[in-house]
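The exercises below are meant to be worked with the sequence and the three-dimensional model side by side. Try each task before reading its solution.

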Amino acid sequence: MIRIVAFLILIALLAAGAAWVADQTGDVVLSWGGWTMATSLPVFVLVLGLVIVAGMLLVWLIFGVWRAPSRYRRHRRNKRQARGRHAITQGLLAIGQGDSAVAKRHAGVAKRLSSDDPLALLLHAQSAQLDGDRAGAHRAFQAMAERQDTRLLGLRGLFIEAQRSDDPVNAVALAEEALKLAPNSTWAAQAVLGFRCAQSDWTGALKILDANLSSGLIDRVAYRRQRGVLLTARALDAETKDRDLSRDSAMEAIRLAPTLIPAAVLAARFQSEAHQIRRAMKIIEAAWLAQPHPDLADAYAHVKLGDSARQRLVRVETLAAKVPFHVEGALAIARAAIDAAEYTKARDALAPFIAEPTQRTAMLMAELERTEHGDSGRARAWTLRAVRARHDPVWTADGYVSERWRPVSPVTGRIDAFQWQEPLAALPSGDADPLASLEAEILRETVLAPPMPRPVVQPLAEPVPATPISEKPPEPILTPAAAAEPDPEPVPETLPADVAPPPKSEPAPVPLFRERADLARGARPAVPIPAVIPITRAPDDPGVDEDDPYRDEFAELNSGQQQGGWRGFMRRWGG
């Protein structure tokens, strides 16, 4: 809008000037040597304007011809840079898609057209990494590390290549150099911190952590937790070397992270040795409310040295009551009750959890059966059940299961990665296991069922006589049955000779088939049915013709020499 108004004002001024010149009277005379030219003022002004415009055009043309080579070179350079940027873009997209051949081709084009572009170096390095060319990637990152604008990026690439080559010394040196160059570099700080922790240099790791807080790479809450973890690791490492350093580190760690279980156990142990029983109990109780753990229960039970087993049981019951109906509290009570020979309390504590026990629960039940009753059979049954029982919580970090707490994950190097939880391999799956269900049912019947009383067998003074019946029922098929009369019936002719009648001294067995009441009593077969029907052959067996000699079809087919070619083929197929 402002440009339009300015243009209109300029047009108005030019029109006013032209009108003023046209209104002027008189002539303009130009005399130069022997030349004299006379004209009116408007014509003179018009000619003067044309001369000025022509001069300006001539000067622009001269300067244009003079600057044409430089403009041409600049145009070519810009065109090459545009093509190089296009190649870099396409190469990065190919790297994202995982196409190493296309990425390598575009990296070569970008290197030829834009060799000084940092993105071209980055594309060349990443394409070499994607193609598996470690030497090419190392050269590209080395070239980037020698430049001032890409030095940090080159150091990180060299650091990654050193990690892939299993060269921790060179990797930590590169990370330390990058940390000196850029103190707020997150990857360099984490790498140096991880290497310090891997070398058990907890003092150096604490210094790096303080530097991360000063650089703003970590917030205050995470800093307190991670510092407590590192202090706990230093306290555990120095427990047998420097007791004073271990005690100071543990107390500072429990102040920064009151719910950290190893710090609470170690700090409570130091307080117990200093006869500060109440402080030790408060430290354990605070951690127990956040996460019940067997180490906390054991430390709470032995917080006062010299107590009896019954005193430890009372103390453990007090701790378990702070988090009621928790399995760790029940297991702690059962453990202390077994040590104190209070087997009833142990059974009562484990009773809510024996329907679906964990491995520790089943093993405690096995120990209870062996200790209280000396029942090795039920103890073995509980031990067998513990094999297939659900796993108890363990220290787990990034899928790695450890028997003890560790400050750093061995998989990723992350601080405070270990959590007290059930391992992934022990989680129940969606598919039902029929074998496990059957085994659980058998063990439930064996273990949970009350012991069966032993039956008392009293011998009979005389055999009970059979109740006489008015009419003899028909003999059962396929069952040798003796007659009710004292004299047995004669053996039929079809009965084999080796089958003998039952002796007279044995009582008559009860027949399997009784006479039906809905049938007439007089409807009996005319021919008596034998007790056992001999079967000479199976119903589906056609038998063997004894008149003909034995013939082996396979022997006949293979009796002669097997022929080859089409004759043998037709012979085998019956042709």
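**Exercise 1. Decide whether H275 is buried or exposed, and describe its backbone.**

Solution. H275 has a relative accessibility of 67% and therefore counts as exposed, given that exposed means over 50% relative accessible area, buried under 20%, and partly exposed in between (1.4 Å probe, protein chains only). The residue lies in the loop between α12 and α13, where helices (H or I, at least four residues) and strands (E, at least two) are DSSP runs numbered from the N terminus. Its phi is near 60°, a positive value in a residue other than glycine. Most residues other than glycine have a negative phi.

The model is predicted, so local features need pLDDT of at least 70 and side-chain atom pairs count only at pLDDT 80 or more, while totals for chains, interfaces and linings use all residues. Residues are numbered from 1 along each chain as its sequence is written, and side-chain values use heavy atoms, with hydrogens and water left out.

**Exercise 2. Characterise F325 in the terms used for H275.**

Solution. F325 is placed in the loop between α15 (309-320) and α16. Although F325 is not a glycine, its phi is positive, at about 60°. With 82% relative accessibility, F325 counts as exposed.

**Exercise 3. Test the length of helix α11 against expectation, then locate its buried residues.**

Solution. Begin with the span: helix α11 covers residues 243-256, and at 1.5 Å a residue its 14 residues should span 20 Å, which agrees with the 20 Å between its end C-alpha atoms. The expected span is 1.5 Å times one less than the number of residues. Next, list the buried residues of α11, which are S246, S249, A250, A253, I254 and L256. They cover an arc of only 155° around the axis, which puts them on the same side of α11; the arc is that of the directions from the helix axis to the C-beta atoms. As background, an α-helix has 3.6 residues a turn, so residues three or four places apart point the same way. On the other side of α11, D248 and R255 are exposed. Finally, the buried residues of α11 pack against α10 (220-237), α12 (261-273) and α13 (277-290), where contact means heavy atoms within 4.5 Å.

**Exercise 4. Find which residues T232 contacts beyond its neighbours within four places in sequence.**

Solution. T232 belongs to helix α10 and is buried, with a relative accessible area of 1%. Leaving aside neighbours within four places in sequence, T232 is in contact with A253, L260, P262, A263 and W405. Among these, A253 is also one of the buried residues of α11.

**Exercise 5. Which residues of α18 are buried, and what covers them?**

Solution. Helix α18 (residues 359-372) has 14 residues and reaches 20 Å from its first C-alpha to its last, close to the 20 Å expected at 1.5 Å a residue. Its buried residues are T361, A362, L364, M365, A366, L368 and E369, and their cover includes α16 (327-339), α17 (343-350) and α19 (376-388). Just after α18, G374 takes a positive phi of about 65°.

**Exercise 6. Describe the largest nonpolar core and the surroundings of L296.**

Solution. A nonpolar core is a set of buried Ala, Val, Leu, Ile, Met, Phe, Trp, Tyr and Cys residues joined through side-chain atoms within 4.5 Å. The largest has 95 residues, and L296 is among those with the most contacts inside it. Helix α8 (residues 186-198) gives the most to this core, with 8 residues. Not counting residues up to four places away in sequence, L296 touches I261, A264, V265, I284, A287, W288, Q291 and L319.
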